[in-house]
Amino acid sequence: FNVTINGLPNTTLGVTAGASIVCFGNSSFLTIANSQQGVSYEVTQGGTTITSGIGNGNNLNINIPANFLNPGNNSYNVMAVVNGCPGVSLASSPSIQVNTAPSPNNNVTLTNPFACQGSPGQLNILATQQGVTYQAVSGNLNLGNSVTGDGSTKIISIPTNNLIVGANVISVVSSVAGCPSTMLNSKPNLEVRPVPIVNPVNTQGPVCTGNSISYSFTSNPPGATFNNSFNILQGQVSGVTAGQANPLVNTLTGSGVVEYVIIPNLNNCLNNNNPLRFTVTVTSPPVAEMNTVTDSVCNGNPGTITITNAGSNVTFFAYDNGNNAIATAVSNENVASLSIPFTNLQQGLNQFKVTSQPPGCIEFPISVPGSIIVIPTPATPDITINSVPGKACDKLNVTMTGPAGFVSYLWKYNSLTLAGENMQAYIPVTNGTYT
């Protein structure tokens, strides 16, 4: 008789899962690499054989029915059996992860039913499933970052930059590895509201203390209200108000620069990032009394009225007796100089009305008039020659005397100035021509 002796199966063959992650309800398979011809490979789960296959000398696929793929991690052993030999377990023990398809019934809410354009909305996914990934979408556009469920409520921040102004349907796609994606049934509407812009205003020039400003504001889109605030940039100004008045009317006193900041608000959407800013300059006459300095000029020359305590950037006017403006000057470093043409000057004392006009203000008269004294041009002097008694005739024995009534005198010898000789009388010491 003949006896067939079979060798023991190779236990080092590799075993892999055809799909290591599957969705619950689907089947999978195990692959035994380089299976041995005629060897029976039995797949066991928890000690129970659930399926088997016969080796063919090539890679062998053994199907795992769906009813043996339970949610969670499923581990399998493979036993190799030949006739007349006890079964041996292959060293490789594969496992298959079975995931449950996401439920479409999670409730989805919005923390606020509206969001301002450029600011995010907040989406809440209640009672999320463990391990499920949730992604908010609008059409084909993903919104924000995805979140992974853990049984609690998950929040997704919804950017609004790519959403339309108005109603936007927000959907949520849930997914888990091995299963097809599921769209949640709950689809809230997020209203995106426009952020208004304040239309520019025509700003006024300098405002004189005690006067009022008035500004009316409009927006794009129209219909906004306005939150008004201010900053004092320079000086001291009173009468500035904040609030929501439109038009904004302020009666301003003092001197300085005010910055107004106007923030539009349309349906609770404020444009804090791009408010309207403009400045108003408030001017006032200098506090100190202005003074004029009397100037003395020779007849035929122009004169100057110098004003002290004049402030800065103040315009001054000088008027003649006919109330005609004959000179204008702008103060710099607290001084202003009005040049009066010689044609408006007469011999003797000349007085002119002077006014000041700070930017944005009317003219204010200066209590002290501007004065210019015009000194007459002296007539050609006569020289009186007097002999000096007791002197020899061949010596110079005369004293030359100029006319009386002048402050100083200038003596010349042969057209050359005699230095230091400025008195009314002069005694010559050299023959020549004297003037």
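Here are some notes on this predicted model, running from the overall shape down to one threonine.

1. **Overall shape.** The protein chain has 43 strands and zero helices. Its radius of gyration is 54 Å, whereas the globule rule gives 22 Å for 435 residues, so the chain is more spread out than a compact globule. You can see this in the C-alpha trace too, which spans about 195 × 60 × 25 Å along its principal axes.

2. **Surface and burial.** If you plan any surface calculations, the accessible surface of the protein chain comes to about 23600 Å². Carbon and sulfur atoms hold 50% of that area. Of the 435 residues, 36% are buried.

3. **Contacts along the sequence.** Among contacts in the protein chain with a separation of 6 or more, 55% are between residues 24 or more positions apart.

4. **The largest nonpolar core.** This core has 21 residues, and the members that touch the most others are L30, I32, Y41, V43, Y76 and V78. Strands β3 (28-32), β4, β6 (60-64), β8 (77-81) and β10 (95-99) each supply at least two of its residues. The biggest contribution comes from β6, with three residues. As general background, nonpolar side chains in soluble globular proteins tend to be buried together.

5. **A second core.** There is also a separate core of 20 residues, and its members include V201, F217, L248 and Y260.

6. **The β4-β5 hairpin.** Strand β4 (residues 40-45) runs antiparallel to strand β5 (residues 48-54), and six bridges join the two. One pairing to look up in the viewer is E42, whose bridge partner in β5 is S52. The two strands form a hairpin with two residues between them. In that turn, G46 has a positive phi of about 65°.

7. **A closer look at T31.** This residue sits in strand β3. Is T31 buried or exposed? Its relative accessibility is 17%, and because the cut-off for buried is under 20%, T31 counts as buried. The side chain of T31 makes a polar contact of 2.7 Å with the side chain of N61. Setting aside neighbours within four places in sequence, T31 is in contact with G14, V15 and T16, and also with N59, L60 and N61.

8. **Strand faces, for context.** While you have β3 on screen, recall that side chains in a regular strand alternate between the two faces of the sheet. In β3, T31 has that polar contact with N61, while L30 and I32 are among the core residues that touch the most other members.

Note on methods
Residues numbered from 1 in each chain as written. Predicted model: local features only at pLDDT ≥ 70, side-chain atom pairs only at ≥ 80, totals over all residues. Heavy atoms only, no water. Pairing = 2+ DSSP bridges. Helix = DSSP H or I, 4+ residues; strand = E, 2+ residues; numbered from the N terminus. Core = buried A, V, L, I, M, F, W, Y, C linked by side-chain atoms within 4.5 Å. Buried < 20%, exposed > 50% of the residue type's maximum accessible area, 1.4 Å probe, protein only. Polar contact = N/O pair within 3.5 Å; in protein donor to acceptor, adjacent residues only side chain to side chain. Contact = heavy atoms within 4.5 Å. Rg over C-alpha atoms; globule rule 2.2 N^0.38 Å. Areas by Shrake-Rupley, 256 points an atom, 1.4 Å probe, with all protein chains shown as cover.
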